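Thanks, everyone. I would like to take a few minutes on how the parts of this chain meet, and then turn to one of its sheets.

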Amino acid sequence: MQVVKHINELQLILNKMRMQGLTIGFVPTMGALHIGHLSLVEKAGQETGFVVVSIFVNPTQFNDQSDLSRYPRNLQKDVELLAPGHCQLVFAPEPEEIYPEPDTRQFNFGSLEQVMEGKFRPGHFNGVAQVVSRLFDIVQPDKAYFGMKDFQQLAIINEMVRRLEIPVEIVSCPIIRESDGLAMSSRNMLLNPDQRKAAVHISTTLFEAANKTNGLNVEDLCQWVVKRINENEFLNTEYFEIVNSETLLPVKNWNESGEKVGCVAVHCGKIRLIDNMKFEVRSA
Ligand code: AMP
């Protein structure tokens with residue numbers, strides 16, 4: 001496995017691989033890797049001939065500067081984690097490599113970006129679209145792998161690829177959880193032991209709520225979730241919404257058509273955690 005910092009080195013290697021007839025699988029990350037990231041790499045390894053993982057903490061997607069400065073970074077540990085797996089090339093650029101000039105592009109994702117993360121983190125998805133489109137341009141992958149953990153991000157990336165007609169297949173991968181149910185996240189390592197214990201309450205509540213679609217209407221269930229999470233002294237819910245998985249518009253009635261997903265953002269001290277779960281509606 002090679003680690004490169006510059007676009008020209010990366011492209012030289014990728015051109016050679018393409019000439020050998022290999023397809024390129026790409027996993028964009030911000031590092032501080034965990035098993036959730038590795039599951040994407042594994043899938044890429046199963047489906048493509050040559051796997052590239054990028055490690056880049058993208059400044060343009062952080063609306064909160066303290067979140068950016070606090071974000072965990074450890075390239076050496078990440079490389080050690082990736083080495084035994086399917087990754088063949090790590091691309092770990094400096095910000096100047098990705099943004100030799102400030103990226104002033106403004107994307108418009110309509111209603112997809114006006115809810116949830118888009119509403120509470122203004123500019124976040126514009127930054128995500130900037131970096132992912134730039135990385136796609138540089139790597140030119142056949143397939144790119146994203147986690148459903150960032151459910152709204154996946155919808156935004158799919159829409160970006162469709163609108164810009166980027167020739168890449170987007171593969172969505174399931175959420176990987178800790179053994180107690182907490183969704184794996186690079187931010188989990190910033191939690192102190194009390195916060196870590198409290199954080200499991202987020203997924204536990206989502207699992208419980210997903211089993212209550214028979215007993216409560218949508219609005220009451222949303223209120224129940226927020227109240228239940230906030231009962232824990234370390235947790236403060238920013239939003240909980242049950243949305244249509246394609247439009248991301250709030251579900252009003254259980255009998256609406258389409259897949260329904262409950263999405264939550266919770267502050268645990270200074271750390272902001274997100275999670276989501278599919279809500280199945282069984283007929284009574
Ligand atoms: P990040 O480094 O947080 O930007 O994440 C890089 C990619 O890994 C994104 O596509 C995430 O959705 C995905 N990812 C992060 N955490 C998980 C998880 N627990 N399970 C599956 N995918 C994940």
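Let me begin with the word contact, by which I mean heavy atoms within 4.5 Å. Please keep in mind that this is a predicted model. The domain assignment divides the chain into domain 1, residues 2-173, and domain 2, residues 186-279, and their centres, taken over C-alpha atoms, lie 26 Å apart. In the sense just given, 22 residues of domain 1 are in contact with 21 residues of domain 2.

The area buried between domain 1 and domain 2 comes to about 1900 Å², with carbon and sulfur atoms giving 62% of it. On the side of domain 1, the residues that lose the most area to domain 2 are R70, M116 and F151, which together make up 33% of what that side buries.

As for polar terms, there are 2 salt bridges between the two domains, along with 9 residue pairs in polar contact, counting pairs with both residues at pLDDT 80 or more. Helix 3 (65-70), helix 6 (116-120) and helix 8 (151-164) are the elements that give two or more residues to the side of domain 1 that touches domain 2.

Now to the sheet, which is open, has 3 strands in the order 7-8-9, and pairs them antiparallel. Strand 7 (235-244) and strand 9 (271-279) are the edges, each with a single partner strand, so one side of each has no neighbour in the sheet. Strand 7 is joined to strand 8, residues 260-268, by 9 bridges, and V243 has V261 in strand 8 as its bridge partner. Helix 9 (residues 193-210) packs on this sheet, touching strand 7, strand 8 and strand 9, and its direction makes about 20 degrees with that of strand 9.

Technical notes: Residues are numbered from 1 along each chain as its sequence is written. This is a predicted model: local features need pLDDT of at least 70, side-chain atom pairs count only at pLDDT 80 or more; totals for chains, interfaces and linings use all residues. Side-chain values use heavy atoms; hydrogens and water are left out. Two strands pair if DSSP finds at least two bridges between them. Helices (H or I, at least four residues) and strands (E, at least two) are DSSP runs, numbered from the N terminus. Axes are lines fitted to C-alpha atoms, for helices over the stretch in contact, and angles run from 0 to 180 degrees between N-to-C directions. Domain bounds come from an automatic or database domain assignment. Buried area is the accessible area (1.4 Å probe) that two parts lose on being put together, summed over both. A salt bridge is a side-chain nitrogen of Lys or Arg within 4 Å of a carboxyl oxygen of Asp or Glu. A polar contact is a pair of N or O atoms within 3.5 Å; within protein, one must be able to donate a hydrogen and the other to accept it, and residues adjacent in sequence count only if both atoms are side-chain atoms.
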